[in-house]
Amino acid sequence: MSVPPSSVVATDVTASAQLPAVRRRGRPVRPRTVLLHVVLVLVALVMISPLLFAVLASLTPLTQLLSRDGGIWPRELQWSNYADAWTRASFGRYFLNSVLVTGGVVVLDTLVSSMTGYVLARRALLGQRVLEAVYVSTLFVGLTTATLYPQYQIADALGLGNLFGVTLVELTGIMLVHMFLLKAFVLGLGTEMEDAARVDGCGLFQTYWRVTLPMMRPMLATTVILGFQASWNNYQVPLVFSLAAPDLRTLVVGVAALQYDAADGVAAYNTVLAGASMALIPVVVVFIALQRFFVKGWTEGSVKG
Amino acid sequence: MRAARRRHWSRREDKVAYAMLVPALLPYIAFALLPIGWLVWFSLHRWNGFTAPRFVGLDNYARVARDEQWWQSVLTTIEFGAGRLVLEIPLALILAYVFFRGVRAGALYRTVVFLPHVLSAAIIGIIFSFLFRDVGGTVNQLLAGLGWGPLTFFGEPGAALRTLIGVGVWAGVGINMLLFFAGMTTISTEILESAELEGANHWQTFRYIVAPMLLPVTRVVVLISIIGILRSFDLVKTLTDGGPNGRTEVMFTYLYRYFFEPDSIPQIGYAAALGVTASIVVGIVSVAYLRVVRPAKP
């Protein structure tokens, strides 16, 4: 795996970079070390316990949650909260929407960003620098809450007031960073393989598709993970698209909408938290399985600039 | 002859290259360039989103300047940001340094501290709004078990802002820790070893070697945090929704209401002016920050 110079920062992070000579030989465990671990365990508890309490509450009967001093431990584990959320609160539908949007964003982002990154790295087209400058300036201005309204209006006018519209708007938000990450990565690759493909008669697109795209895999792993996370967790875009069409809600929006209803009186906290757990679990599972890429992605995406 | 053919070939290739840029360009134009232009254009209009817009020049901006609630939300945003930075950055730095010097099970602790960063901010807000409920909330029940009286987390403006800051720190400390940690791993081990040989303790090593060498990374990390915090929406929306009585409203939750949750008639033109102003505030704060940190002595 060849690594572009820009990502040197990131590569050591995963292999826990411990320094030699930190622990002196032959010494007994010092009280300070014990204290340090006590503090770290406390920190870990603070980080983890809110999530565990949320999962516990998602298995608790509603009456217990609503009483003033119902206690923390569920009197009985009520798995039906999840079934209720899935069917009655239509989280099944929302889950499917989340999967469709996230899948669409990841696939389109991979294609679109890699193609753009490849051309920006390998060609010197007329107007290319202007294009890059415009892309970068957009990153600074930022697509924020303020642009949601026009984004939705434009999508609606184009007949895209649907899940595909949500996908495209989310894609626009994430692809700019990714195309520059991929451009930097391609610049770090040698051109020998591409040259060989050229000699064999491959055109520009074929060279990209057959040679460079497969070579981009290490960086694509990063952009796929970041895209997955950004899209699955996105709240604002699907929120705005689904204001008039609840069928378009994703899981995150569905949970938030249910919480709003809950705040209005019928506090179905158990269903809300069951939904919240459903929204969290896929990300947590993917994170634990592919932690290396998350860490790499976040350090590359940020410190580089 | 051959040169001419190659030029022809290369021009054909250019067409292919341009074509390959189009798939990104189309969504960019439709959902980035146009919306930004749209925002600026309609900020100069009076418009409810339905009837014909009327050009009013800078009237909307004059109203923004007079809108006390808006400036209150700007102030709240800055308080929220300052509160978070003051806690988050030192905490992240300390944790990063502890992990950097090596501690048993460091990788596991690191994973746990980083975990909230991969979760949806909106869901985090929902979970904590449940856990911190003033009456019957999990935290208050736990406190009651220890014999401590119930605390107010949302009912009172100061408390609500502190809750917001606390949850923000919980969610944000991990990424900053990770970035600091990544920065520290680039420091050459030889320097650290020689410091060790000279008898420098952990604190001295940190103070005189790690901290100065980390300064460039710190600048970037703080800048990223500032921009992210000023653009906050998800967490605030689901945790306090600006309550009580709009006292924890931040810039973007405030302007969101003018677009999507109007009290009576939507005021899209005014909302657009607020959006442009918010972007300018983010820009000014970022530039001011960079001006402050740039002349810092190395």
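## Where the two chains meet

Three salt bridges cross the interface of chain B and chain A, going by the rule used here. Keep in mind as you look around that this is a predicted model. One pair to pull up at this interface is B:E13 and A:R123, whose side chains meet in a salt bridge with N and O 3.3 Å apart. Polar contacts across the interface of chain B and chain A come to 17 residue pairs, with both partners at pLDDT 80 or more. On the side of chain B that touches chain A, the top contributor is helix α1 of chain B (residues 2-42), which puts in 23 residues. Sorted by type, that side of chain B has 59 nonpolar residues, 16 polar ones and twelve charged ones.

As for the extent of the interface, 87 residues on chain B are in contact with 105 on chain A. Between them, the two chains bury about 8,500 Å², and 74% of that area sits on carbon and sulfur atoms. Which three residues supply more of chain B's buried area against chain A than any other three? They are B:M20, B:Y28 and B:F31, and they account for 9% of it.

## Salt bridges inside the chains

Counting over all chains, the total is 13 salt bridges. One of them pairs A:K183 with A:E132, with the closest N and O atoms 2.9 Å apart. This pair links distant parts of chain A: A:K183 belongs to helix α8 (residues 163-188), A:E132 belongs to helix α6 (residues 128-141), and the two are 51 residues apart. Buried or exposed? Both A:K183 and A:E132 are buried.

Over in chain B, B:K237 forms a salt bridge with B:E261, and here the closest N and O atoms are 3.1 Å apart. B:K237 lies in helix α10 (residues 234-239) of chain B, while B:E261 is in the loop between α11 (251-260) and α12 (268-293), so the salt bridge ties together parts of the chain that are 24 residues apart in sequence. The two ends don't share a burial class. B:K237 has 2% relative accessibility, so it counts as buried, whereas B:E261, at 29%, counts as partly exposed.

B:E261 has another partner too: its side chain meets that of B:R257 in a salt bridge, 2.9 Å from N to O. B:R257 is partly exposed, with a relative accessible area of 21%; the cut-off for buried is under 20%. Step back and you get a network, in which salt bridges with shared partners join B:K237, B:D241, B:E249, B:R257 and B:E261.

## Chain A: the overall picture

Chain A is built with 15 helices and zero strands. Of its 305 residues, 52% are buried. Take the contacts in chain A between residues at least 6 apart in sequence, and 75% of them join residues at least 24 apart.

How far can you trust it? The mean pLDDT of chain A is 85, with 87% of its residues reaching 70 or more. The part to be wary of is residues 1-24 of chain A, where the pLDDT is below 50, though the stretch still has 45 contacts in the model beyond near neighbours in sequence. Where pLDDT is low, the predicted coordinates shouldn't be read in detail.

## A closer look at A:G254 and A:Y94

A:G254 sits in helix α13 (residues 251-263) of chain A. With 2% relative accessibility, A:G254 counts as buried. Which residues is A:G254 in contact with, leaving aside neighbours within four places in sequence? The answer is A:F91, A:Y94 and A:R249. For a sense of distance across the chain, the C-alpha atoms of A:G254 and A:V141 are separated by 29 Å, and these residues are 113 apart along the sequence.

Follow the contact to A:Y94 and you land in helix α5 (residues 91-122) of chain A. A:Y94 is buried as well, with a relative accessible area of 6%. Setting aside neighbours within four places in sequence, A:Y94 is in contact with A:A89, A:P246, A:R249, A:T250, A:L251 and A:G254. A:R249 therefore turns up in both contact lists, that of A:G254 and that of A:Y94. Going back along the chain from A:Y94, A:D84 is ten residues away in sequence and 14 Å away in space, C-alpha to C-alpha.

How values were computed
Residues numbered from 1 in each chain as written. Chains lettered and ligands numbered in written order. Heavy atoms only, no water. Salt bridge = Lys/Arg side-chain N within 4 Å of Asp/Glu carboxyl O. Helix = DSSP H or I, 4+ residues; strand = E, 2+ residues; numbered from the N terminus. Buried < 20%, exposed > 50% of the residue type's maximum accessible area, 1.4 Å probe, protein only. Contact = heavy atoms within 4.5 Å. Buried area = accessible area lost by both parts, 1.4 Å probe. Polar contact = N/O pair within 3.5 Å; in protein donor to acceptor, adjacent residues only side chain to side chain. Nonpolar A, V, L, I, M, F, W, Y, C, P; charged D, E, K, R; others polar. pLDDT = per-residue confidence, 0-100.
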